[in-house]
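Trainee: Could you walk me through this one? I have not looked at it before.

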Amino acid sequence: MAETGGQGARALALQSLSKSFGNGAPAVDNVSLRIEEGEFFSLLGPSGCGKTTTLRMVAGFEAPDSGQIRLGAQDITPLPPERRDMGMVFQNYALFPHRTIAENVAFGLRMRKVPKPEIATRVREALALVRLTGFEDRRPAQLSGGQQQRVALARAIVINPAVLLCDEPLGALDKKLRQQMQFELKTLHRRLGLTMIYVTHDQEEALTMSDRIAVMRAGKVAQCGAPREIYDRPVDRFVADFIGDTNILDGEASGLALLMPGGWRLPLPEARQGRASVALRPERVRLCPPGAGLVDATVEEANFLGDSVLLKLSLPGEQGMLARVPRHAEAGSLEPGATLGLTWQADDPVMLADA
Amino acid sequence: MAAVTAHGAPTLPRSSAWLLLTPALAMFILFFAVPFLTMATMSVLSGNPMVVPNPRFTTRHFERILDDVYYLETLWITVRLGLSTTIVSLLIGYPLALWLARARSRTTRTLLMMAVLAPMMMGLVVRTYAWLAMYSNRGVINGSLAWLGLTDEPIQFLGSEAAVVVALAHIYVPFMILTLSGVIARIDTRLEEAARGLGASSAAAFLQVTLPLSMPGILAGSLLVFALAISAYVTPIVIGNYNIQTLPMLVYQQISSSFNLGFAAALGIVLLIVALLLVGAYNRVMARAPGAA
Ligand SMILES: Nc1ncnc2c1ncn2[C@@H]1O[C@H](COP(=O)(O)OP(=O)(O)OP(=O)(O)O)[C@@H](O)[C@H]1O
Ligand SMILES: [Mg+2]
């Protein structure tokens with residue numbers, strides 16, 4: 001990856017990073033990513049796929065076996081953590097239990113030998129930013145989980161890092177607090193123009209917050225792109241399955257049609273031959289009278305989700321399918337046992353690379 | 001605390017809780033409270049009540065200690081030995097405890113642990129005589145120095161306070177290491193990483209985070225070694241070569257040759273008071289250290 005000018009003055013580039021802990025498969029396997037300045041970039045993937053290891057290599061806590069990390073034009077791979085200009089928010093916050101909140105936030109500034117009066121001002125500002133004014137003299141143990149999380153955030157951003165690294169910072173919070181913190185993080189990111197790498201295994205969180213997402217699997221990047229792209233155009237079965245609910249349909253392709261086991265034909269967006277698979281999002285499926293659609297299905301279960309209804313359907317050939325439809329759609333035919341027709345646009349199904 | 005149980009578990013009535021505590025309480029009274037009270041009583045009596053029919057209350061034992069510079073000097077030497085031993089054990093023990101607590105490989109940890117525990121199992125007398133063999137005029141140290149041509153005359157180690165401190169520190173350092181490594185192992189390594197990430201060098205991260213958070217271990221280990229060192233008897237006699245007098249030796253002499261139990265008890269009480277004062281002062285200093293939670 002060559003340095004491009006403009007936006008990427010302080011872009012972070014991971015080049016062919018690999019790391020093995022010497023116990024079987026490598027934890028991180030030839031990962032290359034480029035994170036632009038000011039970008040909110042998420043690493044998403046199941047447990048053990050190497051997200052934390054990647055982040056720790058960027059922060060300098062772990063040395064890669066091979067590959068490079070560049071910040072702007074500088075190769076930072078050989079630098080120790082204290083000289084990398086990164087802020088890190090740990091999953092368990094890692095606040096210093098023996099220091100007050102103000103001292104925790106001031107730590108990075110003290111290490112940088114910032115003059116005392118300036119430290120006081122900047123600590124006050126950082127605490128105001130995370131709405132913790134008045135908590136200066138407490139100890140971390142005297143704060144709630146969400147408050148501790150905000151202290152960790154304040155401690156990391158007060159040093160104006162080139163990149164802010166967050167390792168599942170909201171993992172320990174309950175759903176409501178989590179959503180509130182997601183919103184606050186996003187606001188902070190916008191206000192400060194931070195470059196962020198955000199690790200999460202929550203796909204919803206990654207989709208709502210990120211500018212771009214890298215989906216990881218077993219140490220490798222499976223797909224990297226904008227949330228919309230990842231959601232609408234997953235490259236393979238793993239990504240399609242990991243991000244949101246999806247239907248994966250396998251069949252025998254012949255030209256622009258996929259011959260399904262139940263004997264019906266599914267129109268393909270592009271011509272193929274041989275075994276092929278497509279992913280179809282439940283919300284793309286529309287209902288119509290029996291016989292009028294691409295295939296007829298029987299309703300097995302109808303789950304009310306508030307604004308929509310999630311239908312568990314059974315297709316010919318014992319195949320299951322999920323469909324999410326607006327709640328007012330054909331209310332009568334949504335009872336279990338009912339038969340209805342299904343249809344979608346020809347370019348709604350996405351061809352998957354691994355059939 | 002048997003009476004305070006979690007939800008759902010059967011709660012014991014108060015009386016049975018006391019019943020459960022009885023064995024521990026009996027042990028405490030029998031082996032700690034009774035001997036201590038006996039000693040305290042003896043120190044203010046004019047004679048042994050077992051032998052002399054009507055002993056009177058007296059403070060003369062304590063007056064004798066306070067009036068005679070010799071006893072105060074012995075007390076000072078004892079405390080000084082204790083402090084030096086504690087400091088040396090801490091300086092040697094801390095790095096080893098850190099290594100033991102942070103070693104990644106299981107084998108390293110096991111080997112280190114064995115190295116720490118093995119000497120403890122040999123017993124104090126054996127180790128003291130091992131040091132005698134090291135220190136003596138034709139011992140290991142002098143032999144090596146002479147063989148290397150560094151010295152013409154053997155160095156007189158035996159009888160010096162430094163030799164006693166080194167031997168005591170060697171004997172008691174496992175207590176320091178075990179206490180410290182337990183505390184250090186419980187400090188989250190991510191705290192140090194957080195400090196590094198915020199711009200601290202590895203030395204600064206140690207001084208700002210690990211060291212203050214290991215204060216409870218330093219405190220406990222130091223108190224343990226100090227208490228053991230000021231009450232040591234065999235090692236100061238053998239390595240000190242009867243050149244160095246400590247309070248435990250005086251106590252033993254008073255009991256075994258002078259048969260003055262009252263005076264021996266008073267010496268013991270004085271040592272106890274001095275030790276408690278020192279411990280209290282140490283505790284206060286440590287509590288004000290930045291690391292104390
Ligand atoms: N210090 C280590 N020693 C040995 N193996 C390790 C170490 N750290 C991580 N691993 C292994 O490397 C792989 C990747 O771990 P990593 O912590 O990066 O996963 P993760 O994606 O962060 O998972 P999670 O979502 O559960 O936090 C795992 O298989 C893990 O067992
Ligand atoms: Mg992780």
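Trainee: Which residues surround ligand 1?

Mentor: Happy to help! This is a predicted model, where local features need pLDDT of at least 70 and side-chain atom pairs count only at pLDDT 80 or more, while totals for chains, interfaces and linings use all residues. Residues are numbered from 1 along each chain as its sequence is written, chains are lettered from A and ligands numbered from 1 in the order in which they are written, and side-chain values use heavy atoms, with hydrogens and water left out. Counting a residue as near if one of its heavy atoms lies within 4 Å, the shell of ligand 1 is Phe21(A), Asn23(A), Ala27(A), Ser47(A), Gly48(A), Cys49(A), Gly50(A), Lys51(A), Thr52(A), Thr53(A) and Glu168(A).

Trainee: How far does a polar side-chain atom of Thr52(A) lie from an oxygen atom of ligand 1?

Mentor: Let's take some neighbours beforehand. A backbone N or O atom of Cys49(A) is 3.2 Å from an oxygen atom of the ligand, and for a polar side-chain atom of Glu168(A) the distance is 3.3 Å. For Thr52(A), a polar side-chain atom sits at 2.6 Å.

Trainee: What share of the area of ligand 1 does the protein bury?

Mentor: Accessible areas here come from the Shrake-Rupley method with a 1.4 Å probe. Taken alone, ligand 1 exposes 630 Å², and the part buried by the protein is 61%.

Trainee: Which residue of chain B forms a salt bridge with Glu82(A)?

Mentor: A salt bridge needs a side-chain nitrogen of Lys or Arg within 4 Å of a carboxyl oxygen of Asp or Glu. Between chain A and chain B, that rule finds 2. In one of them, the closest N and O atoms are 2.7 Å apart, and the partner of Glu82(A) is Arg196(B).

Trainee: Which helix of chain A gives the most to the side touching chain B?

Mentor: Helices are DSSP runs (H or I, at least four residues), and strands are too (E, at least two), numbered from the N terminus. With 4 residues on that side, the one giving the most is helix H2, residues 101–111.

Trainee: How many residues apart are Lys220(A) and Asp29(A)?

Mentor: Their side chains meet in a salt bridge at 2.7 Å, N to O. Lys220(A) belongs to strand E10 (residues 220–225) and Asp29(A) to strand E2 (residues 28–35), so to speak distant parts of the chain, and the separation is 191 residues.

Note on methods: Polar contact = N/O pair within 3.5 Å; in protein donor to acceptor, adjacent residues only side chain to side chain.
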